[in-house]
Amino acid sequence: MSKLAMTLLLLLGMTVFFGEAAVRSATAGRDGSTAAWYADDDEEDDSTTDAESAREESSYDRGRQALDQGDWEEALAAFSKVAKLGGRRADGALYWKAYSLNKLGRKPEALSTIELLRSTHQSSRWVNDAKALEVEIKQSSGRPLPPEAESDEELKLVALNGLLNMDPERALPMLEKLINGNNTQQLKEQALFVLVQAGSPSARDLVTKIARGQSNPGLQRKALEYIGLFGDEDSHKLLKEIFKSSADYDIKRAILQAYMTSSDSASLLAVARSEKDAALRREAIQLLGAQGEQESLWEIFRTEADVKVKEQILQALAVSGDADTLLEAVRTEKDPRLRRATIQALGICGNERTGAALVGMYRDEKDRDTRRAILDALFVQSDAKAIIDIARRETDPEMRKEAVSRLSTMGSKEATDFLLELLNK
């Protein structure tokens, strides 16, 4: 894999905290896409001869290949040649020249090239990318730009991030002001992410304040999400404290999600067992299923009185793939509603073992509603063969009709052949 491809894959996996322009600077792309290294205008400058145009294209292509290979010297030579030609690719070539110079550690020359790009191609689409590159170069040189001097919101965040690394005591009040100010929600969330990355006690105190809803209630859920990512004991303690003190259903749900993110199964289990709000209990049960906490879920099921909660547990067990527990439940459950819910859950599990068990249940079952539930489970498993076998053996006209009805919407060859067989009789 090329260095360019590796870089792009890494960037796709990271959270971008300072907006589109800086992403384009990091990827050195012109429009933020992974194909930007190969994109440019198709219009041909009438003043450029065919020979000059061919030389320009050849040098530009050579420069792009050098970028892809991380050969900064070769890239610098190629883009310098294109910039000197002054053709339609001159603005892009100047940007890439500055980029290559920065990679080579020749930062003053890179900044001079950016200034040349700005002065000679003021309306170029590369100018915004050059601004972000300039901020990056100055920060890496130990010269953070004053954030208050930046009018562009994205570049202001870049500058704030650089200042945060060098002078956090000065940057934190600015971030807090930006978060609490009259700015867009997107910008506030990006600023909160910058704050989270700081990692200092002061920054963490500010994130905690936001998570409690004291500073910016609009960002409270986002702060809770980040605290879930911290995953340490202090974070677990804070989340439990906020859950206990909050009366807001949505905030409590956000905390349940944070419990799952931080792998805090104990807190989810406590909510699933004792929370008074049944909807929150069901939410916790669903998340426990996603975490594979099968034994704990079955323990709750056996002592639970609320039928809706028990149904949620059955669904959670199905999501976790616990066919063994569900087969035990369907054998022992006396409540017809819960037994049908267990059968539906077995359908979601979808393995050969559950299919065979469902067919066996159908043969022994007398209740029509339960038989319909079994047909539905087999339908969910796309088991046309099992439903065809049931339809062939079924003596109850109504249930045979139910089986054929499900086959008519399955669209499999087996189902179609059986339906044609019935029509030809």
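**Exercise 1.** Which side chain does E134 meet in a salt bridge, and what is the N to O distance?

*Solution.* In this predicted model, the side chain of E134 meets that of R118, with 2.8 Å from N to O. The next step is to place the partners: E134 belongs to helix α7 (residues 126-140) and R118 to helix α6 (residues 107-120), so the pair ties together parts that lie 16 residues apart in sequence. Turning to accessibility, E134 counts as buried because its relative accessibility is 15%, under the 20% cut-off, while R118, at 21%, counts as partly exposed.

**Exercise 2.** Locate the salt bridge between R89 and E57 in the chain, and state whether its residues are buried or exposed.

*Solution.* The closest N and O atoms of R89 and E57 are 3.0 Å apart. R89 sits in the loop between α4 (72-85) and α5 (90-103), whereas E57 is part of helix α3 (residues 50-69), and the pair therefore links distant parts of the chain, 32 residues apart. As for accessibility, both R89 and E57 are buried.

**Exercise 3.** Carry out the analysis for R371 and E394, and then name the residues of the network formed by salt bridges that share partners.

*Solution.* R371 forms a salt bridge with E394, in which the closest N and O atoms are 2.9 Å apart. R371 is found in helix α22 (residues 368-380) and E394 in the loop between α23 (384-393) and α24 (397-407), which places these linked, distant parts of the chain 23 residues apart. Both R371 and E394 are buried. Finally, R368, D369, R372, D376, D396, E398, E402 and R406 are joined into one network by salt bridges that share partners, and the structure holds 28 salt bridges.

Definitions and conventions:
Residues are numbered from 1 along each chain as its sequence is written. This is a predicted model: local features need pLDDT of at least 70, side-chain atom pairs count only at pLDDT 80 or more; totals for chains, interfaces and linings use all residues. Side-chain values use heavy atoms; hydrogens and water are left out. A salt bridge is a side-chain nitrogen of Lys or Arg within 4 Å of a carboxyl oxygen of Asp or Glu. Helices (H or I, at least four residues) and strands (E, at least two) are DSSP runs, numbered from the N terminus. Buried means under 20% relative accessible area, exposed over 50%, partly exposed in between (1.4 Å probe, protein chains only).
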